[in-house]
Amino acid sequence: MTASRSGWTPLLRSDDPRARADALFVLGMLRLRADDDAEAAGIFRTATQEDPEHAESWANLGLALGRMRDFTGALEALARAQRDPQLAADRDLQRARASAFVSLGQLPRAAAIYERLAKEHPADIACDFDLATLAEARANATRADFPTRELLLSDAARHYRAYLRDAPKDQVAPRERAM
């Protein structure tokens, strides 16, 4: 969808940087929903240049970069988004940060986020999926002896079983939804 066909051209030509950033944000969301992550990232990046305080654009830039496997860029954008008090405690953004840390092999940083979320939200079944992902990553990263690795995989299996038992059957796994 082009800006001219969608009626966003007047906002994109506005003298107000916030209005331009808002219009770009909507266009970026359309591209993100169409799974055009590279195009979406470019649009969100332009929105953040128009309005460096546009937290939603920073957040979605981080998600798009994560889906493109640019985990360092994703972490930078997500950290910028979470400077906004309304997004600081957003669980999906925190999970996206932790997932990026896992992908970069920074397991202690991921663990701190996942374990805090599980403690703060014990009824959130997505925490079981997060903890299973973390345990599996730890098992795959370890050079430990066989029993230690098996213990970590057993922990992952326990969390995966709990997630599968409690999750609605049509629910997408949290990490797959975020990145």
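**Salt bridges and helix packing in an all-helix model**

The structure holds twelve salt bridges. The model is a predicted one, and the protein chain in it has eleven helices and zero strands. From the N terminus on, the elements run α-α-α-α-α-α-α-α-α-α-α. Of the 179 residues of the chain, 42% count as buried. Among contacts with a separation of 6 or more, 47% are accounted for by residues 24 or more positions apart.

Side chains of opposite charge can pair when their charged atoms come close. One of the salt bridges joins the side chains of D51 and R18, at 3.0 Å from N to O. This pair links distant parts of the chain, with D51 in the loop between helix 4 (37-50) and helix 5 and R18 in helix 3 (residues 17-33), 33 residues apart. D51 is buried, because its relative accessible area of 12% falls under the 20% limit for that class. R18, in contrast, is partly exposed, with a relative accessible area of 39%.

A salt bridge is also found between the side chains of D35 and R67, where the N to O distance is 2.9 Å. D35 lies in the loop between helix 3 and helix 4, and R67 lies in helix 5, so the pair ties together parts that are 32 residues apart in sequence. D35 counts as exposed, at 59% relative accessibility, because the exposed class begins over 50%. R67 counts as partly exposed, at 26%.

The side chains of R138 and E115 meet in a further salt bridge, at 3.7 Å from N to O. Since R138 belongs to helix 9 (residues 126-141) and E115 to helix 8 (residues 107-120), the pair ties together parts that are 23 residues apart in sequence. Both residues fall in the partly exposed class: R138 has a relative accessibility of 32%, and E115 has a relative accessible area of 42%. Elsewhere, R91, R95, D124 and D130 are joined into one network by salt bridges that share partners.

Two packed helices are described by the angle between their axes and the distance between the axes. For helix 3 and helix 4, the angle is about 170 degrees and the axes are 8 Å apart. The two helices are therefore roughly antiparallel to each other, because an angle over 145 degrees is assigned to that class. On the side of helix 3, the residues that meet helix 4 are P17, R20, A21, L24, F25, L27, G28, M29, R31 and L32. On the side of helix 4, the residues are D37, E39, A40, I43, F44, T46, A47 and E50. By class, this contact has eleven nonpolar, two polar and five charged residues.

Helix 5 (residues 55-67), which also holds R67 of the salt bridge with D35, has 13 residues. From its first C-alpha to its last, helix 5 reaches 19 Å, close to the 18 Å expected at 1.5 Å a residue. Helix 5 is mostly covered, with eleven of its 13 residues buried. The buried residues are A55, S57, W58, A59, N60, L61, G62, L63, A64, L65 and G66. After helix 5 comes R69, whose phi is positive, near 70 degrees.

Two residues of helix 7 (residues 91-103) were examined in turn, A98 and Q94. An α-helix has 3.6 residues a turn, so residues three or four places apart point the same way. A98 is buried, with a relative accessible area of 0%. Leaving aside neighbours within four places in sequence, A98 is in contact with A110, I113 and Y114. A98 and A110 are twelve residues apart in sequence, and their C-alpha atoms are 4.3 Å apart in space.

Q94 is buried as well, with a relative accessible area of 7%. With neighbours within four places in sequence again left aside, the contacts of Q94 are Q82, A88, A89, I113, R116 and L117. I113 thus appears among the contacts of Q94 and among those of A98.

Terms used:
Residues are numbered from 1 along each chain as its sequence is written. This is a predicted model: local features need pLDDT of at least 70, side-chain atom pairs count only at pLDDT 80 or more; totals for chains, interfaces and linings use all residues. Side-chain values use heavy atoms; hydrogens and water are left out. Helices (H or I, at least four residues) and strands (E, at least two) are DSSP runs, numbered from the N terminus. The expected span of a helix is 1.5 Å times one less than its number of residues. Buried means under 20% relative accessible area, exposed over 50%, partly exposed in between (1.4 Å probe, protein chains only). Contact means heavy atoms within 4.5 Å. A salt bridge is a side-chain nitrogen of Lys or Arg within 4 Å of a carboxyl oxygen of Asp or Glu. Axes are lines fitted to C-alpha atoms, for helices over the stretch in contact, and angles run from 0 to 180 degrees between N-to-C directions. Angles under 35 degrees count as roughly parallel, over 145 as roughly antiparallel, 65 to 115 as roughly perpendicular and the rest as oblique. Ala, Val, Leu, Ile, Met, Phe, Trp, Tyr, Cys and Pro count as nonpolar, Asp, Glu, Lys and Arg as charged, and the others, Gly among them, as polar.
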